Amino acid sequence: MALTVLGIVIGMSALVATIGLTRTAGNRIISQFDQLAATELFITARPGMATGTIDPRAIPWDAPERLVRLNGVVAAGLLSDVNVRDMLVSASPVVDPSNQTAFKLAVRAASPDLFRAVRADLASGRFIDGGHSARAERVAILGPDAARRLGITGVERLPAIYVGDELYLVIGILRDVVRKPELLGSVIIPEGTARRHFSLFGPGMVIVETKIGAASLIALQARAALRPDDPRTLRVQLPQEPRRVRDDVQTDLNMMFLLLGGLSLVVGALGIANITLVGVMERTAEIGLRRAIGATRRHIASQFLIESASMGVVGGLLGSSVGVLIVVGVSAYQVWTPVLDPLAPLLAPAVGGVIGLLSGVYPASRAAALEPAEAFRH
């Protein structure tokens, strides 16, 4: 019986802990999401109404300088896909048939301010600056995935890569970016280099980071700031409504963790049903004696139902306490703010009692069905 109660304790503590950790982790995730989503917007060229094609010169090259003049803009940068045709990227000019050394990697052109706008973090080296772009220097920054494929781990020994037949000096390797994760597997070159050597006619996208709460206002002002002659040629993409996304994420987290807690409770309920049924089989003589001295079937059924419900109540009470301690302990370790639903610990003993009561229905009916003579034969 003690081990069965322990099963309910584990199941109920898992349920209470998962509900608490869901709310705590969800609060943490959503707060970070709100901070990120509420401070970003993307500006691209809109396809023409008549032709359906995009004007490559729709976005001006000085778009970052124009946007940072707007109150509420923290950083703005240009990002463009560079058409390198069939050129492969390699770290060695030697072709080794037994080992792949050349790869088809995305090459992207960036303005110096892009790295601040995407919140890039360097693992080694330095970022591209305005001088690199103005002089159209053949330098590159590698995303961590691209650097791993090319076998480059640092810039201490001045590594270089080939884009086609042209040599580019690697001046930096990214560790991570908060926005535009496709940069992690890309080769990033200065926009001036892309304009001179790859005929890049215009920027592909402007990435803007704003202050919290200013994204909607900047979205209204950005098109007029960049193209006062024809604002309709630009499209401003705002992130999805944070509140709706937050609710969707919270619902998904709740469903996932509640399913895990519910599975634990099912295991505990099966434990109660099993131990109660075994108890009926082991106590047939006791049941027969009680029936012989006047106990009715309802008395016998009530006895076993009370026992199974009591195990559920005790397990729920202990499990809710353990669950609260788990939530507080994990939150303290992760330096999170614990978020607890006050109803979960309070309702846990009642839920455990109901589970124990339902788990004891079949064993109790088996015990009540025994006749005195049949019980004594066992």
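Helix α9 spans residues 284-292 of this predicted model, helices being DSSP runs (H or I) of at least four residues, and strands E runs of at least two, numbered from the N terminus. Its buried residues (under 20% relative accessible area with a 1.4 Å probe, protein chains only) are Thr284, Ile287, Gly288 and Arg291. Because these residues cover an arc of only 100° around the axis, they lie on the same side of α9; the arc is taken from the directions from the helix axis to the C-beta atoms. After α9 comes Gly294, with a positive phi near 120°.

Two packed helices are described by the angle between their axes and the distance between the axes. The axes of α9 and helix α10 (residues 297-334) come within 10 Å and cross at roughly 140°, where axes are lines fitted to C-alpha atoms over the stretch in contact and angles run from 0 to 180 degrees between N-to-C directions. Therefore α9 is oblique to α10, a term for angles that are not under 35, over 145 or from 65 to 115 degrees. In the contact (heavy atoms within 4.5 Å), α9 contributes Glu286, Ile287, Arg290 and Arg291, and α10 contributes Arg297, His299, Ile300, Gln303 and Phe304.

The largest nonpolar core, a set of buried Ala, Val, Leu, Ile, Met, Phe, Trp, Tyr and Cys residues joined through side-chain atoms within 4.5 Å, has 24 residues. Val187 is among those with the most contacts inside this core. Elements giving two or more residues to it include β5 (106-110) and α5 (144-150).

Residues are numbered from 1 along each chain as its sequence is written. Local features need pLDDT of at least 70, side-chain atom pairs count only at pLDDT 80 or more, totals for chains, interfaces and linings use all residues, and side-chain values use heavy atoms, leaving out hydrogens and water.

Technical notes
Buried < 20%, exposed > 50% of the residue type's maximum accessible area, 1.4 Å probe, protein only.
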